[in-house]
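Please work through the exercises below with the sequence and the three-dimensional structure at hand. Each task is followed by a solution in steps.

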Amino acid sequence: MTAMLGPHRTAKGKTDTWLTPPWILSALGPFDLDPCCPATMPWVTATTMYQEPADGLALPLGRPRMAQSAVWEGYRGVAG
């Protein structure tokens, strides 16, 4: 059984890559960093875009005032 999102779309796709639509990025305003951007991203999502196969969780966040280890250690603990 396929999960239905509407009468014309399903959650089953041909890829595991999900892109944030440009209209959402525009509505939210500019982003400093996209830590997990596909290598063939068709539009700009942030000032800095870490693309696959780079590990965006291991690279600098770009804001010196943020404690990078504190931000991602919780995530890694949940993700395994």
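The exercises go from the whole chain to single residues and then to a pocket.

The structure is a predicted model, in which local features need pLDDT of at least 70 and side-chain atom pairs count only at pLDDT 80 or more, while totals for chains, interfaces and linings use all residues. Residues are numbered from 1 along each chain as its sequence is written, and side-chain values use heavy atoms, with hydrogens and water left out.

**Exercise 1. Describe the overall make-up of the protein.**

Step 1. Identify the secondary structure: the protein has two helices and four strands. Helices (H or I, at least four residues) and strands (E, at least two) are DSSP runs, numbered from the N terminus.

Step 2. Read the elements in order: the pattern along the sequence is β-β-α-β-β-α.

Step 3. Consider burial. Of the 80 residues in the protein, 16% are buried; buried means under 20% relative accessible area, exposed over 50%, and partly exposed in between, with a 1.4 Å probe and protein chains only.

Step 4. Consider the surface. About 6,600 Å² is exposed by the protein, and 60% of it is supplied by carbon and sulfur atoms. These areas come from the Shrake-Rupley method with a 1.4 Å probe; for residues, only the protein chains shown count as cover.

**Exercise 2. Trace the surroundings of Thr45, and state whether Thr45 is buried or exposed.**

Step 1. Locate the residue: Thr45 belongs to the loop between E3 and E4. Thr45 is classed as buried because its relative accessible area is 10%.

Step 2. List its contacts (heavy atoms within 4.5 Å). Not counting residues up to four places away in sequence, Thr45 touches Leu25, Phe31, Asp34 and Cys37.

Step 3. Follow Leu25, a residue of helix H1. Leu25 and Thr45 are 20 residues apart in sequence, and their C-alpha atoms are 6.9 Å apart in space. Leu25 is also buried, at a relative accessible area of 14%.

Step 4. Compare another residue of helix H1, Pro22. The C-alpha atoms of Pro22 and Thr45 are separated by 7.8 Å, with their positions 23 residues apart along the chain. Pro22 counts as partly exposed because its relative accessible area is 42%.

**Exercise 3. Find the polar partners of the Asp34 side chain.**

Step 1. Place the residue: Asp34 lies in strand E3 and is buried, with a relative accessible area of 16%.

Step 2. Look for polar contacts, that is, pairs of N or O atoms within 3.5 Å; within protein, one must be able to donate a hydrogen and the other to accept it, and residues adjacent in sequence count only if both atoms are side-chain atoms. One such contact, of 2.7 Å, joins the side chains of Asp34 and Thr45.

Step 3. Turn to the backbone: the nitrogen of Cys36 lies 3.2 Å from a polar atom of the Asp34 side chain.

**Exercise 4. Which residues lie nearest the centre of the largest pocket?**

Step 1. Recall the method: rolling a probe the size of a water molecule over the atoms shows where empty space is left. On a 1 Å grid over the protein atoms alone, a pocket is an open set of points where a 1.4 Å probe fits, with protein on both sides within 12 Å along at least five of seven lines; lining residues have an atom within 4 Å of a point.

Step 2. Read the lining: of its 17 residues, Trp18, Leu19, Asp34, Cys36 and Pro38 lie nearest the centre.

Step 3. Assign the elements: helix H1 (22–28) and strand E3 (33–37) each give two or more residues to this lining, and E3 gives the most, with four.
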